[in-house]
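This report describes side-chain contacts in one protein chain. It takes up charged pairs, then aromatic rings, then the surface.

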Amino acid sequence: MARDDLPPATSASQLVSYAMCPRRYFLTYVAGATPEHRSTSLVLGSAVHGAAGWFFSERLEGREPTMEDAESVLRADLCAEIVERSE
């Protein structure tokens, strides 16, 4: 029997977040609140993760992306983060 208050899927980072601070988990994953500040390391890590994910998704689809393509995706993600942070 499914419960309506549980998410359909849970990631490892969500479980760690809940274990460390249930209130932070609630604010982030249930209420959808966003933090006022994101560290530079988190911004860079998210952009690198996005570019790597894009690269391997392309490979799984049978395409052959270049490192230059991945670099363009990384740059676009970083620019988007900078614009979002400045607004």
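Does Glu-81 count as buried or exposed? The model is a predicted one, and in it Glu-81 has a relative accessibility of 14%. Glu-81 counts as buried because this value is under the 20% cut-off.

**Salt bridges**

Glu-81 takes part in a salt bridge with the side chain of Arg-38, at 3.1 Å from N to O. This pair links distant parts of the chain, with the two positions 43 residues apart in numbering. Glu-81 belongs to helix 4, which covers residues 67-86. Arg-38 sits in the loop that runs between helix 2 (22-30) and helix 3 (40-60). Arg-38 has a relative accessible area of 22% and is therefore partly exposed. The contact thus joins a buried acid, Glu-81, to a partly exposed base, Arg-38.

A search of the whole structure gives three salt bridges, listed here with the distance between N and O.

| Acidic residue | Basic residue | N to O distance |
|---|---|---|
| Glu-81 | Arg-38 | 3.1 Å |
| Glu-58 | Arg-63 | 2.7 Å |
| Glu-71 | Arg-75 | 2.7 Å |

In the bridge between Glu-58 and Arg-63, the acid is buried, with a relative accessible area of 16%. Arg-63 is partly exposed, at 42% relative accessibility.

The bridge between Glu-71 and Arg-75 lies within helix 4, where the two residues are four apart, about one turn of the helix. Glu-71 is partly exposed, at a relative accessible area of 37%. Arg-75 reaches 52% and counts as exposed, because the cut-off for that class is over 50%.

**Aromatic pairs**

How many aromatic pairs does a search of the whole structure find? The search finds three. A pair of aromatic rings is described by the distance of the centres and the angle of the planes.

One of the pairs is formed by Tyr-25 and Tyr-29, whose ring centres are 5.2 Å apart. The planes of Tyr-25 and Tyr-29 meet at 40°, so the pair is tilted. Both residues lie in helix 2, four residues apart, about one turn of the helix. Tyr-25 is buried, with a relative accessible area of 14%. Tyr-29 has 35% and is partly exposed.

Phe-55 and Phe-56 form an edge-to-face pair, with 5.4 Å from centre to centre and 90° between the planes. Phe-55 is buried at a relative accessible area of 14%, whereas Phe-56 is exposed at 53%.

Tyr-25 and Tyr-29 also belong, together with Tyr-18, to one aromatic cluster.

**A nonpolar surface patch**

Which residues form a nonpolar patch on the surface together with Tyr-29? They are Phe-26, Leu-27 and Val-30. The patch has about 360 Å² of accessible area, counted over its members together. Tyr-29 is found in helix 2. Tyr-29 can be counted in the patch because its relative accessibility of 35% is over the 30% that patch residues need.

Tyr-29 thus appears in three settings: the tilted pair with Tyr-25, the aromatic cluster that includes Tyr-18, and the nonpolar patch with Phe-26, Leu-27 and Val-30.

Methods: Residues numbered from 1 in each chain as written. Predicted model: local features only at pLDDT ≥ 70, side-chain atom pairs only at ≥ 80, totals over all residues. Heavy atoms only, no water. Salt bridge = Lys/Arg side-chain N within 4 Å of Asp/Glu carboxyl O. Buried < 20%, exposed > 50% of the residue type's maximum accessible area, 1.4 Å probe, protein only. Phe/Tyr/Trp six-rings, centres within 6.5 Å; stacked < 30°, edge-to-face > 60°. Patch = residues over 30% accessible without salt bridge, like charges linked within 9 Å, V, L, I, M, F, W, Y side chains within 5 Å. Areas by Shrake-Rupley, 256 points an atom, 1.4 Å probe, with all protein chains shown as cover.
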